[in-house]
Amino acid sequence: MTLQTTPLVSIIIPVYKRRKIYSDTVFDSILQQSYTNLEVILVDDGAKDSSPSICDDYAQSDSRVTVIHQPNGGIAKAQNTGLDAAHGDYIAFADNDDILDSRNIELLLHALKSTGADMSKGRWRQFGVSQLPTIYNEAAQGADEPHHITVFRNPLRAY
């Protein structure tokens with residue numbers, strides 16, 4: 001799959017009280033996306049643990065990462081702060097405990113562009129900390145091409 005243009009995608013991640021094992025896995029899964037024209041906005045929502053310094057380390061090592069430090073205001077405020085700072089043509093949200101498949105952004109962007117939809121969504125699955133290495137390895141391999149893309153004309157009704 002080849003995208004004809006490379007629009008900027010801003011990925012907004014509120015960060016609060018994340019242990020290093022989670023943060024490294026989550027952030028690495030985002031920075032190792034097959035689609036690389038990304039702006040990653042980490043919003044430190046007043047964390048009192050090592051999360052702010054982990055975020056700053058990522059910003060120092062990858063120019064696509066921006067960190068915003070703010071007092072704790074909750075996830076919605078953190079997401080809105082990220083939206084205010086975003087420069088992307090498209091916006092994606094991730095939680096600070098998500099592991100993204102390595103083709104996540106590529107496939108979601110393809111779905112948007114090929115259908116003209118306003119929003120795209122992929123499947124997700126829940127996992128426990130004991131499954132972290134397995135899930136991370138699976139995500140790093142990348143998903144297969146989807147067999148089909150479903151477009152909902154009346155998403156509220158479909159929900």
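**Salt bridges and a crossover, explained**

Guide: Let's start with R103 and E106, which form a salt bridge whose closest N and O atoms are 3.1 Å apart. This is a predicted model, where local features need pLDDT of at least 70, side-chain atom pairs count only at pLDDT 80 or more, and totals for chains, interfaces and linings use all residues. Residues are numbered from 1 along each chain as its sequence is written, and side-chain values use heavy atoms, leaving out hydrogens and water.

Visitor: Why is the contact of R103 with E106 called a salt bridge?

Guide: The term asks for a side-chain nitrogen of Lys or Arg within 4 Å of a carboxyl oxygen of Asp or Glu. The N and O atoms here are 3.1 Å apart, so the pair qualifies.

Visitor: What makes R103, E106 and E145 a network?

Guide: R103 also meets E145 in a salt bridge, at 2.5 Å from N to O. E145 lies in the loop between α5 and α6 and R103 in the loop between β4 and α4, so the pair ties together parts 42 residues apart in sequence.

Visitor: How do you know whether R103 and E145 are buried or exposed?

Guide: Buried means under 20% relative accessible area, exposed over 50%, and partly exposed in between (1.4 Å probe, protein chains only). R103 has 14%, so R103 is buried; E145 has 38%, so E145 is partly exposed.

Visitor: Why is D62 called buried?

Guide: Its relative accessible area is 16%, so D62 falls under the 20% limit. The side chain of D62 also meets that of R64 in a salt bridge of 2.9 Å, N to O.

Terms used:
Helices (H or I, at least four residues) and strands (E, at least two) are DSSP runs, numbered from the N terminus.
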